[in-house]
Amino acid sequence: MKIAGSLLSLLGLVLAEQAYWDDNPGFLKRSHSLIPPHSGNLPLWELKGDTMATSEYIRLTPDQQSKTGGLWSRVPITFPWWELQLAYKIHGSGKSIAADGLGMFIIKERGKFGSALGGPSQFTGFAAFMDSYKNGQTTGNFPQISGFVSDGSWSYNHDNDGADQNIGKCLSGHRNKKDSSLLRIRYFEDRLTVKVDPDGTGDFKKTCFEVDGVKLPTGLYVGFTSATGDLTDNHDVVSFKIWQLDSKTDAGKRHEMKPEVLNLAPKEAVKEESSSGGGWGFFTFLLVLIIGGGVGFYYYQEREKASAKRFY
Ligand code: MAN
Ligand code: CA
């Protein structure tokens, strides 16, 4: 009975996890979304710089040097919790080396240009960067997706890809894909979860990062930006959907809240991720498992022997 109960609760967990990354996780906010076919006039969005809309996609930059584009929602997000999905394509003639990437902002400063993948380097809110090009020397593997929460008091460092500023990051091989790549972000009860799906299969198996204690105010605007430099790519927004999520717990006064992450573990000095670290971790785990198993088995045998003695 106990086993059946645990199995049931395990099944419940699996189902809950599936429902978590639903096709339709909440109330779809059409006024904040971009659903193709796009038309020439997008009244609720502002196209800036080199951005051009076609019916299938909105191109932030073409595959040419020194271009900058922006696409900004005119409608603030007035609800505290949300989930969003961005379908995007980053592609171009550069086989392995291209730049600079696509930025997604959810910030106060709508419509601003700057050195953060075409967007403002000083911003108030949250940003996710699909960074194609490693500007820093020691900032890990690329293309990289990195997340940032800022209260506007510091500037994103383009020269090291924000290596010591991000709240999480991962590798995402999303260039020159046949289908649109997907980025799914859920912000619910102060937990921010970023899922990536570079092949656009829709399964969202890979969590890029998840952070608790994330404080974001309401009244922020969604924007997409992109820039090319000496290196280039096409950066296309294919579709964008945002759903309002409802919670039973009160979100509190959100409008004037300062964006921050509570108890964020301090970053180690920026260094190349070494593979040996993980290797030792696994080795230790294995050793503990073997020794633990051996000791356990010894005691089990001793107990069996003792109880056998009692019977005969
Ligand atoms: C130039 C500058 C950089 C940019 C690279 C790659 O060096 O424009 O800002 O990152 O080209 O495009
Ligand atoms: Ca970069």
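This passage describes the calcium site, the surroundings of ligand 1, a set of paired strands and several backbone features in a predicted model.

The calcium ion (ligand 2) is bound by protein donors from Asp131 (OD, listed twice), Tyr133 (O), Asn135 (OD1) and Asp161 (OD), at distances of 2.3 to 2.6 Å. Along the sequence, these donor residues follow the spacing D-x1-Y-x1-N-x25-D. Two of the donor residues were examined for exposure. Aspartate 131 is buried, with a relative accessible area of 2%, whereas tyrosine 133 is partly exposed at 28% relative accessibility.

Ligand 1 is surrounded by Ala99, Asp100, Tyr133, Asn135, His158, Gly229, Asp230 and Leu231. Sorted by class, this shell consists of three nonpolar, three polar and two charged residues. Tyr133 and Asn135 belong to the shell of ligand 1 and also supply donors to the calcium ion. Side-chain N or O atoms approach oxygen atoms of ligand 1 from two residues, asparagine 135 at 2.8 Å and histidine 158 at 2.8 Å. From leucine 231, a backbone N or O atom lies 3.0 Å from an oxygen atom of the ligand. Of the 310 Å² of accessible area that ligand 1 has on its own, the protein covers 66%.

The peptide bond from alanine 99 to aspartate 100, two residues of the ligand 1 shell, is cis, with omega near -5°. Aspartate 100 is situated in the loop between strand 6 (82–91) and strand 7 (101–107). A further cis peptide bond runs from proline 36 to proline 37, where omega is near 5°. Proline 37 lies in the loop between strand 1 and strand 2. The loop between strand 1 (27–28) and strand 2 (45–49) also contains leucine 34, which is buried at 1% relative accessibility. The C-alpha atom of leucine 34 is separated by 9.5 Å from that of leucine 44, a residue 10 positions away along the chain. Most peptide bonds are trans, and most residues other than glycine have a negative phi.

Positive phi values occur at leucine 117, where the angle is about 50°, and at glutamate 189, again at about 50°. Leucine 117 occupies the loop between strand 7 and strand 8 (124–131) and is buried, with 2% relative accessibility. Glutamate 189 is in the loop between strand 11 and strand 12 and is partly exposed, its relative accessible area being 39%.

The loop that holds glutamate 189 belongs to a hairpin with two residues between strand 11 and strand 12. Strand 11 (residues 181–188) and strand 12 run antiparallel and are joined by seven bridges. Within this pairing, arginine 184 has lysine 195 of strand 12 as its bridge partner. Strand 12 also pairs with strand 13 (residues 206–211), in the antiparallel sense and over five bridges. Here valine 194 stands opposite phenylalanine 209 of strand 13. Strand 12 (residues 191–197) is mostly covered, with six of its seven residues buried.

A polar contact was found at asparagine 160, in the loop between strand 9 (144–151) and strand 10 (168–171). The side chain of asparagine 160 contacts the side chain of aspartate 164 at 3.5 Å. Asparagine 160 has a relative accessible area of 17% and therefore counts as buried, the cut-off being under 20%.

Definitions and conventions:
Residues are numbered from 1 along each chain as its sequence is written. Chains are lettered from A and ligands numbered from 1 in the order in which they are written. This is a predicted model: local features need pLDDT of at least 70, side-chain atom pairs count only at pLDDT 80 or more; totals for chains, interfaces and linings use all residues. Side-chain values use heavy atoms; hydrogens and water are left out. Donors are N, O and S atoms within 2.8 Å of the metal (3.2 Å for Na, K and Ca); water is not among the atoms, so sites may look incomplete. Buried means under 20% relative accessible area, exposed over 50%, partly exposed in between (1.4 Å probe, protein chains only). Helices (H or I, at least four residues) and strands (E, at least two) are DSSP runs, numbered from the N terminus. Two strands pair if DSSP finds at least two bridges between them. A residue is near a molecule or strand if one of its heavy atoms lies within 4 Å of it. A polar contact is a pair of N or O atoms within 3.5 Å; within protein, one must be able to donate a hydrogen and the other to accept it, and residues adjacent in sequence count only if both atoms are side-chain atoms. Accessible areas come from the Shrake-Rupley method with a 1.4 Å probe; for residues, only the protein chains shown count as cover. Ala, Val, Leu, Ile, Met, Phe, Trp, Tyr, Cys and Pro count as nonpolar, Asp, Glu, Lys and Arg as charged, and the others, Gly among them, as polar.
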